[in-house]
Amino acid sequence: MIHVTNEGSKTDLKVDSYGRFLYFFVFYGAWINGFAYTRKVLAVDGTHLFGKYGGVLLSAVALDTENHIFPLAFCIVNSKAKAYQRDEFNDHFQQIKNLDISVAKYLEDVGFHRWSRAHFPGNRYDVMTTNIAESINSMFLAEREFPITALFNSINRRFAQKFHERRMMLANTSTICAPSVERKIRENVTIGNTLLAHQISFHTFSIIGHGSVAMVDLNNRTCSCREFDLNKIHCPHAIAAIRIQFGDDYGLRIYDFVSPYYSVWSYKHAYEKLIHPVLSEEFWELPPELLESKIPCPYVVRKLGQKKRKCAPSVLERGSKKKKNKCSICKRVGHKRTTCSLRVRQNEGTSSSVAS
């Protein structure tokens, strides 16, 4: 039904030899379409499910033009393995090869030292490097206790709403780049206008300012400060070079040196396709053999120890307000007896009678 309601989606459901549920994978057509307009940096992470059957929810996400989390795929698996020893890593990787040799080859071409804990050459410690994926996990904190169908319906609804909000956010924007990028460009232009540029060749420039010298190559879109290379937005040095290269026309030409992923056009196209909810079962139009088929639940692995229960929040956890003072004379809140207006009047009356 996901394929029926969301054209172009990719799903996969795996069961064991007894027909019991094992894995489920979903990649909505709207996500596939939008990924072409996002930056090609992926974060993959998993979070444990709290339901009766356990398991792990894997998520793959990217970042859009405005640094919003863009979903790519979600998957339910039984566990994620952490391998510290290379022999253990090799055993896990051999299982990947047995499942899909093309995936294994892709990971080998990337290089084990880039993504494997066991092969990492430096000091990895226990530092998390996938903060955007962790943000996804926190979005579905309560839903992690739901059954799998309810969990994925919640994922559907949440991102359908997010897609609509983001489509409306820049619907009437007239700028070339997204607002956050436009602010960055204005800041760099302000700094770049104070730098001194010397043209070395047609595309290379020497930029002097603030006690440093930088080399800019507009043809290759690089700068010795590396900001232009990595962020794909021109740094102040590149702004100074563009000013010398194009003269009075450089105000418009600076957009030629910004990655197209930062444009409003890319942002709008990333969210142009709708995410439709799956209809209730009474509206399904499927072959009888599919409607009548039942997939048994996974085996329940009973965990040792006492079952975790949610505790009632304390007064501090509920965020209760500080108790207000109550006057012992007039019995009203908001002041003390020493500042009570009734006591002041009584004292004034006493002073008057003594004086008389």
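Helix α10 of this predicted model is mostly covered, with eight of its eleven residues buried. The buried positions in α10 are Pro 236, His 237, Ala 238, Ile 239, Ala 240, Ala 241, Ile 242 and Gln 245. The helix, which spans residues 236-246, packs on a sheet and touches β6, β7, β8 and β9, and its direction makes about 120° with that of β7. Following α10 comes Gly 247, a residue whose phi is positive, near 65°.

The sheet contacted by α10 is an open one of four strands, arranged in the order β6-β7-β8-β9 with antiparallel pairing. Strands β6 and β9 (222-223) stand at its edges, and each has a single partner strand, so one side of each is left without a neighbour in the sheet. At one end of this order, β6 (residues 196-199) and β7 (residues 204-209) run antiparallel and are joined by four bridges, and the connection between β6 and β7 is a hairpin of four residues. Within this pair of strands, Ala 197 is placed opposite Ile 207 of β7. Strand β8 (residues 212-217) pairs with β9 over two bridges, again in the antiparallel sense, and Val 216 has Cys 223 of β9 as its bridge partner.

A further open sheet is built from five strands in the order β1-β2-β5-β4-β3, and its pairing is antiparallel. The edge positions are taken by β1 (10-15) and β3 (43-48), each of which pairs on one side only, and from one strand to the next the twist averages 15°. Inside this sheet, β4 and β5 run antiparallel and are joined by eight bridges, with Leu 58 standing opposite Cys 75 of β5. Helix α7 packs on the five-stranded sheet, where it touches β2, β4 and β5, and the direction of α7 makes about 175° with that of β5. Given that angles over 145 degrees count as roughly antiparallel, the direction of α7 is therefore roughly antiparallel to that of β5.

Several of these elements also contribute to the largest nonpolar core, which has 33 residues and in which Trp 31, Leu 57, Phe 74, Phe 152, Ile 155 and Phe 159 have the most contacts. Two or more residues of this core are given by each of β2 (21-27), α2 (29-35), β4 (56-63), β5 (69-77), α7 (148-169) and α12 (264-270), and the largest share, six residues, comes from β5. The surroundings of Phe 159 illustrate how this core is assembled: when neighbours within four places in sequence are left aside, Phe 159 is in contact with Trp 31, Pro 71, Phe 74, Ile 136, Met 139, Phe 140 and Ile 275. A second core of 26 residues, separate from the one just described, includes Val 189, Ile 207, Ile 239 and Ile 254. Two of these residues have already been mentioned, since Ile 207 is the residue of β7 that Ala 197 stands opposite and Ile 239 is among the buried residues of α10.

Val 264 lies in helix α12 and has a relative accessible area of 5%, which means that this residue is buried. Apart from neighbours within four places in sequence, the residues in contact with Val 264 are Leu 170, Thr 173, Thr 175, Ile 176, Cys 177 and Ala 178. The C-alpha atoms of Val 264 and Val 181 are 9.8 Å apart in space, although the two residues are 83 residues apart in sequence.

Helix packing was also examined for α3 (residues 86-99) and α4 (residues 101-110), whose axes are 5 Å apart and form an angle of about 135°; α3 and α4 are therefore oblique to each other. On the side of α3 the contact is made by Phe 93, Ile 96, Lys 97 and Leu 99, and on the side of α4 by Ile 101, Val 103, Ala 104, Leu 107 and Glu 108. By residue class, this contact between α3 and α4 comprises seven nonpolar, no polar and two charged residues.

Over the protein chain as a whole, the secondary structure comes to 14 helices and nine strands, and 32% of the 356 residues count as buried. Among contacts with a separation of 6 or more, 56% are accounted for by residues 24 or more positions apart.

Conventions: Residues are numbered from 1 along each chain as its sequence is written. This is a predicted model: local features need pLDDT of at least 70, side-chain atom pairs count only at pLDDT 80 or more; totals for chains, interfaces and linings use all residues. Side-chain values use heavy atoms; hydrogens and water are left out. A nonpolar core is a set of buried Ala, Val, Leu, Ile, Met, Phe, Trp, Tyr and Cys residues joined through side-chain atoms within 4.5 Å. Buried means under 20% relative accessible area, exposed over 50%, partly exposed in between (1.4 Å probe, protein chains only). Contact means heavy atoms within 4.5 Å. Two strands pair if DSSP finds at least two bridges between them. Axes are lines fitted to C-alpha atoms, for helices over the stretch in contact, and angles run from 0 to 180 degrees between N-to-C directions. Angles under 35 degrees count as roughly parallel, over 145 as roughly antiparallel, 65 to 115 as roughly perpendicular and the rest as oblique. Ala, Val, Leu, Ile, Met, Phe, Trp, Tyr, Cys and Pro count as nonpolar, Asp, Glu, Lys and Arg as charged, and the others, Gly among them, as polar.
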